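Me: I am new to reading protein structures, and I would like to understand the words used to describe one. Could you take me through some of them, giving the reason for each?

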Amino acid sequence: MDFVTNLVAGFAVVFKFVPIDIWPGAGSLIVSLPMNILLCLIGALIGTLIGVLPGIGPIATIAMLLPITYKLDPTGALIMLAGIYYGAQYGGSTTAILVNLPGEASSVVTALDGHQMAKKGRAGAALAIAAIGSFIAGTVGTILLAALGKPLTQVAQAFGPADYCALMVLGLVCAVVLASGSVIKAIAMIFLGLLLSTVGTDIETGENRLTFGIMALSDGIEFVTLAMGVFGFAEILRNLEQGDAGRELVEQKVTNLMPTKEDMKEAAPAIARGTILGSMLGILPGGGAVLAAFGAYTVEKKLSKNPKEFGQGAIRGVAGPESANNAAAQTSFIPLLTLGIPPNAVMAIMVGAMTIHGIVPGPQIMTKQPDLFWGMVASMWVGNLMLLIINLPLVGLWVRLLRVPYRMLFPAILMFCAIGVYSINNQPFDVILTAFFGLCGYILIKLGFEPAPMLVAFVLGKIMEEKLRQAMLLSRGNAWTFFDISNNPISAVLMVLSLVLLVVALLPAIRKKRDEVFVED
């Protein structure tokens, strides 16, 4: 009964009308508007747009828009930013199907069969199945978020400093295990992120750490500066290098946006499997939507009676991954809102957004700010419904946008990124530092390093340091406190689990199988 009551309260927050003075200074003209619904719609549309246009992605976009949310209500700000995230999952499938150029990393596998369907004149069916699968998966993910929120919050409230520190260690280990590419490189990125988080003034001693005499670094590295550089500027450089190569825009008009009964009959099991797999993997720190999409494609190919049809326009190759990445996008909010642990780079930026508004991510959100928690949950269902309704009619607009050469888009993208970074502290040094991180991010990508684990480690680093110091003070400097099963059983179990996962991930046989998930011929 509490579950239903809380959901009703959440929808009341979403549909709440707020009086707005739309003509200040010239004789007040106050109009009541459903602000949270409007912000949800804006977020969903922006997310779809950046998903459609390759070159910036949700991470850089959310980082760029953080300053805009300063004057918004915290609930409305987070609803809009969440809409950008799951909207990007929808938009990424459009460009993957029509252009064979994924706008989002999680849409890479969608391009394999989606674009082949489009070349055969079935772009409408591919887009419709992607949208329907995404809506179903997003709805299930939202229900899971609502259902698991309270029990996980109750568990988290029993955590002490050592338990929290151990939980973050487990999160970082999972980020290593589930990240694509080399395990050793992922570990290196984790340590780099932790190192960058220590830059600035030590709160307890007042000493400057790793500032190299630069006063602008005494307050530490701004989260937006790092995120925008590594994911925004670096992605622009990578796209400029590629140019318009790989674009194969489908020229014929997109028609028949309603799938046939045969399409639905074939796609339904894939949607169900993708939803279940994505919901589970989204909760785990690390791969999130990307791993879910690759995993779902691999599952569908293994279960198929005719595996050779994959890559030739199999509708299950679209339905499974699209359902999985959207389910993962929704359930990735679970560890963030209940435990305070960001499972991926986008959720790490959401931590930054919460911090801006004075909100501490973790179990206290549900107990102290239930309107925010349940308002976000309700907005996700509304947002997914909006995306289903508005995306298919806008296909023609997205096709026209995709015809614009990237060399004409990147100056505007670069300008907005620079404005977003500068507006945080009004310091030119932040823009210079962002450009530096952009160059570093580009080099890392070229060398095969995945930046996402670094960003997660950067966000968790400050909290880990605080919890580590608290645990060590309580134990009078005894590091064994993390493995002391009599006093800290939760911490001991989490630390042992982290060690086991890390050792298993480094085994040659496991590493080979892990790499196969991310590679499709």
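Reply: What follows is a set of questions and answers about the terms that apply to this predicted model.

Me: To begin with the whole chain, how many helices and strands are there, and what share of the residues is buried?

Reply: The protein has 22 helices and four strands, and of its 521 residues, 54% are buried. As for contacts in the protein with a separation of 6 or more, 76% of them are between residues 24 or more positions apart.

Me: Why is H14 called roughly parallel to H20?

Reply: Helix H14, which covers residues 345-356, packs with helix H20, residues 452-474, at an angle of about 30°, and their axes are 8 Å apart. Angles under 35 degrees count as roughly parallel, and therefore H14 is described as roughly parallel to H20. The crossing in which H14 passes H20 is left-handed.

Me: Which residues meet there, and how do they divide by class?

Reply: From H14 come Ala345, Ala348, Ile349 and Val351, and they meet Ala452, Leu455, Val456 and Val459 of H20. By class, this contact of H14 with H20 has eight nonpolar residues, with no polar and no charged ones.

Me: What angle and what distance describe the packing of H5 and H12?

Reply: Helix H5, residues 108-119, and helix H12, residues 316-331, pack at an angle of about 145°, with 8 Å between their axes. H5, too, passes its partner, H12, in a left-handed crossing. On the H5 side the residues are Val109, Thr110, Asp113, Gly114 and Met117, which meet Gly317, Val318, Pro321 and Glu322 in H12. The contact of H5 with H12 divides into four nonpolar, three polar and two charged residues.

Me: What makes Gly375 count as buried or exposed?

Reply: The relative accessible area of Gly375 is 0%, and because buried means under 20%, Gly375 is called buried. Gly375 belongs to helix H16, which spans residues 370-391. Once its neighbours within four places in sequence are left aside, Gly375 is in contact with Gly10, Val13, Val14, Ile79 and Pro370. Measuring along the chain and through space gives two separate values for Gly375 and Leu7, which are 368 residues apart in sequence and 8.2 Å apart from C-alpha to C-alpha.

Me: Why is Leu194 called partly exposed?

Reply: Leu194 has a relative accessible area of 22%, and partly exposed is the class between under 20% and over 50%, so Leu194 is placed in that class. Leu194 lies in helix H8, residues 183-197, and, not counting residues up to four places away in sequence, Leu194 touches Leu172, Ala457, Gly461 and Met464. Leu194 and Glu465 are separated by 271 residues in sequence, with 9.3 Å between their C-alpha atoms.

Me: How do you know whether Thr481 and Arg476 are buried or exposed?

Reply: Thr481 and Arg476 are both in the loop between H20 and H21. At 11% relative accessibility, Thr481 is under the 20% limit and therefore counts as buried, whereas Arg476, at 80%, is over 50% and therefore counts as exposed. Leaving aside neighbours within four places in sequence, Thr481 is in contact with Ala471, Ser475, Asn488 and Ser491.

Me: What is the phi of Arg476, and what is the phi of Leu210?

Reply: Arg476 has a positive phi of about 55° although it is not a glycine, and Leu210, also not a glycine, has a positive phi of about 55°. Leu210 is found in the loop between strand E4, residues 208-209, and helix H9, residues 223-242. Leu210 has a relative accessibility of 39%, which is between the limits of 20% and 50%, so Leu210 counts as partly exposed.

Me: How many disulfides are there, and what would make a pair of cysteines count as one?

Reply: A disulfide is counted when two cysteine sulfur atoms are within 2.5 Å, and a search of the whole structure finds zero of them. Among the cysteines, Cys40 has a relative accessible area of 0% and is therefore called buried, while Cys440, at 26%, is partly exposed because that value is between 20% and 50%.

Technical notes
Residues numbered from 1 in each chain as written. Predicted model: local features only at pLDDT ≥ 70, side-chain atom pairs only at ≥ 80, totals over all residues. Heavy atoms only, no water. Axes fitted to C-alpha atoms, helices over the stretch in contact; angles between N-to-C directions. Helix = DSSP H or I, 4+ residues; strand = E, 2+ residues; numbered from the N terminus. Parallel < 35°, antiparallel > 145°, perpendicular 65-115°, else oblique. Left-handed = near helix turned anticlockwise from the far one by under 90°. Contact = heavy atoms within 4.5 Å. Nonpolar A, V, L, I, M, F, W, Y, C, P; charged D, E, K, R; others polar. Buried < 20%, exposed > 50% of the residue type's maximum accessible area, 1.4 Å probe, protein only.
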